[in-house]
Amino acid sequence: MDATAKKYVDLFRTVKIATAATVDEAGRPQARIINVMLARDDGMYIVTSRGKPFHKQLTETGRIALAAMCPNCQSLKFTGRLRVVDKSWVDRVFEENPGMNEVYPGESRYALDAFHIYEGQGEWFDLLNYPINRESFAYGGGAAEPAGFVIGESCIGCGACAKACPQQCIAPGKPYAIAPQHCLQCGLCAEVCPAGAVRRLHR
């Protein structure tokens with residue numbers, strides 16, 4: 001895990017409380033509040049009991065999405081893959097989160113499974129400062145997925161995109177260039193471009 005990913009994995013742990021999203025067997029999105037219990041160099045760890053729909057959705061899909069609000073109102077989002085790990089990880093979770101003993105006293109803790117979120121991609125996003133800032137990260141062998149918009153060689157240099165940009169993050173050139181770390185990803189540049197030179201990167 002590189003330093004950027006480690007910074008944001010640790011931030012998920014610091015924030016601790018996150019929304020976790022999955023898809024159920026009918027294809028419907030489901031979300032709930034969880035705690036990120038451990039952050040390690042190999043990823044994040046969470047727990048849930050085997051009786052919950054959340055557990056069923058995690059084991060059936062092997063996928064999770066997380067979103068959290070940081071103390072200074074920056075947001076974190078992440079999507080990744082996970083797997084069940086052995087029971088020793090449940091004990092580690094309880095060691096580092098002793099309040100869990102009040103919820104699952106004694107041997108009842110073993111109604112829980114620990115899940116290792118071993119790979120994925122995410123983004124930190126700061127909307128409170130001008131221009132806005134965003135930074136992508138990834139770990140576990142994957143790469144951060146491209147997002148936002150890029151201006152291609154068919155750009156005619158008219159400047160319509162720069163004039164429309166709310167963050168003024170498009171610089172003149174041949175072609176004009178978008179600063180991705182300041183881009184709102186609103187798509188106005190693509191809407192106003194008369195040459196169709198602006199291409200969406202994200203799915």
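Let's start with Arg134, which counts as buried at 11% relative accessibility. Keep in mind that we're looking at a predicted model. The partner of Arg134 is Glu123, and their side chains meet in a salt bridge at 2.8 Å, N to O. Arg134 sits in strand 8 and Glu123 in strand 7, 11 residues apart. Glu123 is buried too, with a relative accessible area of 7%.

Strand 7 also holds Asp113, which pairs with Lys87 from the loop between strand 6 and helix 3, 26 residues away. Here the closest N and O atoms are 2.9 Å apart. Asp113 is buried at 10%, while Lys87 is partly exposed at 32%.

Now, a third pair: Asp41 and Lys6, at 3.9 Å. Asp41 is in the loop between strand 3 and strand 4 and Lys6 is in helix 1, so this bridge ties together parts 35 residues apart in sequence. Asp41 is exposed, at 57%, and Lys6 is partly exposed, at 23%. Asp10 joins these two in a salt-bridge network. Across the whole structure, the search finds 13 salt bridges.

On to the pockets, friends. The largest has about 390 Å³ of space. Its lining has 15 residues, with Lys77, Glu145, Pro146, Ala147 and His202 nearest the centre. Strands 6 and 7 each give two or more residues to that lining. By class, we have five nonpolar, six polar and four charged.

The second largest pocket comes in at about 270 Å³. Among its 13 lining residues, Ile33, Ile34, Asn35, Val47 and Lys52 are closest to the centre. Strand 2 gives the largest share, four residues. This lining has eight nonpolar, three polar and two charged residues.

Technical notes
Residues numbered from 1 in each chain as written. Predicted model: local features only at pLDDT ≥ 70, side-chain atom pairs only at ≥ 80, totals over all residues. Heavy atoms only, no water. 1 Å grid on protein atoms, 1.4 Å probe; cavity = no way out; pocket = protein on both sides within 12 Å on 5 of 7 lines; lining within 4 Å. Points joined across faces, edges and corners; volume = space filled by probe spheres on them. Nonpolar A, V, L, I, M, F, W, Y, C, P; charged D, E, K, R; others polar. Salt bridge = Lys/Arg side-chain N within 4 Å of Asp/Glu carboxyl O. Buried < 20%, exposed > 50% of the residue type's maximum accessible area, 1.4 Å probe, protein only.
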